[in-house]
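User: Please take a close look at one part of this model and describe it in detail. Then place that part in the wider architecture.

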Amino acid sequence: MSTLGTSGTGASASGATAVGASSTGTLSQAGSRTTSLGGFDANAPLLQVSDLNVHFPTEDGAVHAVRGVDYTLRSGEVLGIVGESGSGKSVTSLAVMGLLPGSARVTGSVRYRGQELLGQSDRSMSRVRGKGVSMIFQDPMTSLDPVYRVGYQIEETLRIHDKSLSSKAAQARAVELLELVGIPNAGERVRSYPHEFSGGMRQRVVIAIAMANQPEVIIADEPTTALDVTVQAQILEVLQTALQETGAAMVLITHDLGVVAGFADRVLVMYAGRPVEVGSVEDIYYEPRMPYTLGLLGSLPRLDSSTKERLTPILGAPPSLLNMPPGCPFAPRCPLHIAACDEAEPPLLQVGAGHQAACIRTAEVAKAHGHAADVFSVTGADADLIGVGQVADLTTTEESRETGAPGTPPGDQTEPGAGGTTGRTGSVVSPEPRPTNGDRA
Amino acid sequence: MTAPTTDRTADGADRRGEPILSVRGLEKHFPIKGGGLIKRTVGAVRAVDGVDLDLYPGEVLGLVGESGCGKSTTGRAILNLQPATAGSVVFQGREIVGLGRKEMRPLRRDIQLVFQDPYASLNPRLPVFDIVAEPLIIHGLTKDEKELRSRVRELVETVGLNPEHTNRYPAEFSGGQRQRIGIARALALQPKVLVLDEPVSALDVSIQAGVINLLEDLKDQLGLSYLFIAHDLSVVRHISDRVAVMYLGRIIEIAEQEELFTRPAHPYTQALLSAIPLPDPRRERARQRIIISGDVPSPANPPSGCRFRTRCQKFANVLSDGERELCMTVDPKLETRGTGHLNACHYAEATSVL
């Protein structure tokens with residue numbers, strides 16, 4: 001990884017502060033972390049998740065929400081976890097924090113500084129939460145307690161981990177923290193209640209709480225998703241400050257590929273409860289090896305491109321996590337699908353230095369060099385498809401209206417599950433006969 | 001639109017032909033009631049406060065802004081779903097503002113709405129067939145059951161769903177498929193204009209792309225015009241011919257898509273574009289970001305003069321005290337100010353921020 005807070009992201013941080021108003025105060029203890037938590041091995045890997053599995057029992061059977069997640073977080077790095085809704089990215093981090101409901105069955109291992117966190121009592125987890133590993137939640141409207149003043153909520157976090165801290169010192173530090181996250185008039189605002197703050201301001205308070213005890217790991221679960229873009233930019237700035245002040249490593253969970261591009265050092269792409277590609281941020285964006293990653297990038301409209309290139313949607317929907325069939329879970333939506341894909345689920349294979357992908361056809365994906373239209377070809381197929389098959393004549397009911405030319409939209413719109421319409425063969429977009437499109441790339 | 005630039009006006013519109021929808025001075029104020037036994041109106045939330053728009057046949061006009069800027073209320077006021085407080089909306093030569101429900105009904109066939117949340121906008125207790133057939137039945141557009149069946153079938157196929165599945169309920173479809181059902185329902189009456197209120201923001205990106213492609217195809221095939229309301233500027237850039245940016249109930253900049261994204265002139269548009277992270281690590285990390293401070297002021301009590309001045313980086317860092325005076329006292333009108341397109345900033349300057 002290319003180090004956060006030093007060269008790589010440090011540059012973007014300073015660039016980003018063009019007109020920012022964030023880093024005003026400084027932490028009194030900044031720099032000198034009050035050691036790692038007692039009883040933990042400071043030389044062991046910071047956070048090591050291996051073979052994490054989570055099942056939720058439901059009436060229809062167990063939902064296998066997380067199916068074998070492995071990752072190691074190195075100190076000082078930002079690991080981005082991306083995926084669509086339902087891919088298990090949030091459940092993974094809740095499992096790490098031990099915050100899943102009691103009914104969830106969690107297996108595998110989560111080691112923080114060498115110590116196993118899974119299966120620990122809530123009491124001993126409370127020592128780790130906030131101090132070793134802290135968390136920033138998506139919705140600042142619900143992650144603060146509405147009946148307590150924000151200052152109290154920060155002080156609470158401080159005093160739980162440091163019983164000797166006087167209430168006065170805790171107050172002073174709460175003000176300091178609020179200043180650090182860019183809340184104006186922090187001295188007065190500590191006495192405000194959460195409802196007196198806007199969404200962006202509340203998220204700043206949540207960040208202040210997360211960094212209060214100088215944690216070594218901050219897990220941020222969609223920290224900016226509920227916010228407007230201009231506020232998102234402010235909050236990302238504050239997060240950058242939080243990382244610099246605490247020196248913490250971060251797991252950043254988001255579905256926004258733009259946020260990850262600017263913030264993360266390494267990226268883990270999740271699909272159907274499993275990592276399907278892991279690599280440096282450059283590997284993932286410029287040389288993806290898993291068709292899903294490529295498809296995800298191709299379906300993003302680009303703000304910085306004036307050419308109206310057609311988007312390349314991924315057909316269908318993610319599989320149900322109830323009774324997964326054997327084989328690659330992405331196979332039903334994959335344009336590069338071959339018979340071998342249905343035999344067994346591919347493990348994460350090494351495709352480059354620090355770059356792994358769970359796909360047996362990575363060589364074909366490599367040829368696209370991140371250009372989704374080469375693999376998820378729809379533009380070529382579109383023209384052939386229009387007018388093929390039945391014509392939806394929208395002008396049947398009334399002759400007087402001259403609506404435009406009737407026609408069917410291209411079949412690539414069809415989502416399997418709702419099935420395809422008839423007779424469209426030989427294209428990537430037809431759900432039933434799946435052609436091997438590998439040679440196209 | 002591939003018209004020569006000479007045909008374009010300052011708001012980027014291709015002025016060949018009359019606008020199909022013309023909005024002038026549209027206002028929608030929501031009263032604030034005071035406490036006490038007798039409720040008195042003590043103020044008003046000026047959600048939409050003087051919006052002018054023209055929508056031309058066959059074009060996509062994007063309307064963007066942050067939450068609370070009044071973009072959705074504008075869409076609803078245009079459709080007369082929430083009666084406008086003041087202003088005029090002329091649709092195909094006919095004034096809509098002030099029309100009653102009955103008088104609106106025939107017009108509703110030509111202008112339809114697609115809602116944001118496909119989970120909330122479809123009746124969960126109706127099978128898809130009934131949902132799509134309902135507008136046809138209400139407007140009495142089909143002669144018999146057989147014709148109704150074939151129309152619904154066509155519509156469902158048009159939006160890329162399997163007509164065999166029309167006996168299913170919305171809950172059996174994914175988000176993207178539900179949004180397609182919503183689109184099929186809106187197309188049932190063969191409208192000329194669709195108002196799309198955040199049609200893809202509830203969807204995952206890979207699904208969203210399919211719906212965007214569908215909307216583009218439908219526009220071309222059926223000759224529709226869209227008023228595309230969204231907060232995601234990447235989506236808006238992709239689909240729109242022209243883009244209007246709203247802030248606190250007003251349009252503060254409007255231009256042709258390419259012009260707005262490459263040469264934004266209003267500081268708010270510049271900040272908005274600069275705030276959006278690009279999914280490209282090298283470019284994203286090399287960017288110089290303009291970060292505006294604070295949150296949107298209350299629309300019940302907008303700042304004097306220019307409404308953006310409280311958050312404006314130009315006002316705070318560049319202008320002299322003398323120049324600021326103008327921002328504080330004079331409400332900037334939508335004018336070109338030598339930037340080539342309409343904007344509402346006294347000190348507008350077209351610069352590239354992407």
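Analyst: Two strands are taken to pair if DSSP finds at least two bridges between them. Helices (H or I, at least four residues) and strands (E, at least two) are DSSP runs, numbered from the N terminus. The model is predicted, with local features requiring pLDDT of at least 70 and side-chain atom pairs pLDDT 80 or more, while totals for chains, interfaces and linings use all residues. Residues are numbered from 1 along each chain as written, chains are lettered from A and ligands numbered from 1 in written order, and side-chain values use heavy atoms, without hydrogens or water.

The part chosen is strand β7 of chain A, which covers residues 217-221. On one side of the pairing, β7(A) is joined by 4 bridges to strand β6 of chain A (residues 133-136), and the two run parallel. Within chain A, Ile136(A) stands opposite Ala220(A) of β7(A). Another partner of β7(A) is strand β8 of chain A (residues 249-254), again parallel and connected through 5 bridges. Here Asp221(A) has Ile253(A) of β8(A) opposite it. The connection between β7(A) and β8(A) involves helix α9 of chain A (residues 229-246), and the three elements form a right-handed β-α-β unit (clockwise from the first strand over the helix to the second, with the strands pointing away from the viewer).

The burial of β7(A) is complete: 5 of its 5 residues are buried, so the strand is largely enclosed by the rest of the structure (buried means under 20% relative accessible area, exposed over 50%, partly exposed in between, with a 1.4 Å probe and protein chains only). In a regular strand, side chains alternate between the two faces of the sheet. In β7(A), Val217(A), Ile219(A) and Asp221(A) point one way, whereas Ile218(A) and Ala220(A) point the other way, and all of these residues are buried.

Helix α8 of chain A spans residues 199-211. Its 13 residues should extend over 18 Å at 1.5 Å a residue (counting one less than the number of residues), and the end C-alpha atoms lie 19 Å apart, which agrees. As 13 of the 13 residues of α8(A) are buried, this helix too is largely enclosed by the rest of the structure.

The chain that holds these elements has 15 helices and 12 strands. Of the 441 residues in chain A, 56% are buried. Among its contacts (heavy atoms within 4.5 Å) between residues at least 6 apart in sequence, 69% link residues at least 24 apart.

Chain B provides the wider setting, with 12 helices and 11 strands. Its 354 residues are 60% buried, and 64% of its contacts between residues at least 6 apart in sequence join residues at least 24 apart. An open sheet of 4 strands in chain B follows the order β2-β1-β4-β5 with antiparallel pairing. Its edge strands, β2 (41-55) and β5 (94-95) of chain B, each pair on one side only. Strand β1 of chain B (residues 21-33) meets β2(B) over 11 antiparallel bridges, with Glu27(B) opposite Asp49(B).

In the largest nonpolar core, which has 78 residues, Ile183(B), Leu187(B) and Phe228(B) touch the most other members (a core is a set of buried Ala, Val, Leu, Ile, Met, Phe, Trp, Tyr and Cys residues joined through side-chain atoms within 4.5 Å). Helix α6 of chain B (residues 205-222) contributes the largest share of this core, 7 residues. A second, separate core of 76 residues includes Ile183(A), Ile209(A), Leu227(A) and Cys359(A).
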